[in-house]
Amino acid sequence: MAEATATQAPPDQQASVRIVFYCKDCEKLVDGVKIGRKYVYKCPICHTKSVAFGTEKSIKSFYHMGE
Ligand SMILES: [Zn+2]
């Protein structure tokens, strides 16, 4: 069982680097749909390209979420 614990990353570290997508039109987190090979993402709900992405921490901080 020792090798199982050795390969696990700390929960805090995993959460801080999680990438999320935020639609500025829907004003909520969405599943970003990648367009082509560029770093452009489309919202699956309203189909606009008003989607910002970043780490969960930075997005929530920037858009004042989770307070
Ligand atoms: Zn949207």
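In what order do the elements of the protein run from the N terminus on? In this predicted model, the order is α-α-β-β-β-β-β-α. The protein thus has three helices and five strands. Of its 67 residues, 10% count as buried. Contacts between residues at least 6 apart in sequence were also examined; 37% of them join residues at least 24 apart.

Three of the strands form an open sheet. Their order is β2-β1-β5, and the pairing is antiparallel. Strands β2 (28–30) and β5 sit at the edges, where each pairs on one side only. Neighbouring strands of this sheet are turned by 40° against each other on average, direction ignored. Strands of a sheet pair through backbone hydrogen bonds, either parallel or antiparallel.

The pairings can be followed strand by strand. Three bridges link β1 and β2 in the antiparallel sense. Phe21 has Val30 of β2 as its bridge partner. Tyr22 stands opposite Leu29 in the same strand, β2. On the other side, five bridges join β1 to β5. These two strands also run antiparallel. Here Cys23 stands opposite Val51 in β5.

Which residues make up the largest nonpolar core? There are six: Phe21, Tyr22, Cys23, Tyr41, Cys43 and Val51. Strand β1 (residues 19–23) supplies the largest share of this core, three residues. In soluble globular proteins, nonpolar side chains tend to be buried together. Cys43, a member of the core, has contacts beyond its neighbours within four places in sequence. Two of these contacts, Cys23 and Val51, are with residues of the core. Cys43 is also in contact with Asp25, Cys26, Val30, Thr48 and Ser50.

Two loop residues stand out by their backbone angles. Most residues other than glycine have a negative phi, and most peptide bonds are trans. Glu27 has a positive phi of about 60° although it is not a glycine. Glu27 lies in the loop between β1 and β2. The hairpin of these strands has four residues between them. Is Glu27 buried or exposed? Glu27 counts as exposed because it has 10 C-beta neighbours inside 10 Å, and the cut-off for exposed is 12 or fewer.

His47 likewise has a positive phi, near 65°, and is a residue other than glycine. His47 is found in the loop between β4 (41–42) and β5. His47 is exposed, because 10 other C-beta atoms lie within 10 Å.

Other residues come together across long stretches of the chain. Thr55 lies in strand β5 (residues 51–55). How far apart are the C-alpha atoms of Thr55 and Arg18? They are separated by 5.3 Å, although the two residues are 37 residues apart along the chain. Val17 and Thr55 are 38 residues apart in sequence, yet 5.5 Å apart in space, C-alpha to C-alpha. Val17 lies in the loop between α2 (11–16) and β1.

The surroundings of Val17 and Thr55 were counted too. Val17 counts as exposed because it has 10 C-beta neighbours inside 10 Å. Thr55 has 14 other C-beta atoms within 10 Å, so Thr55 is partly exposed.

Conventions:
Residues numbered from 1 in each chain as written. Predicted model: local features only at pLDDT ≥ 70, side-chain atom pairs only at ≥ 80, totals over all residues. Core = buried A, V, L, I, M, F, W, Y, C linked by C-beta atoms within 7 Å. Buried ≥ 20, exposed ≤ 12 C-beta atoms within 10 Å, placed from the backbone. Contact = placed C-beta atoms within 7 Å. Pairing = 2+ DSSP bridges. Axes fitted to C-alpha atoms, helices over the stretch in contact; angles between N-to-C directions.
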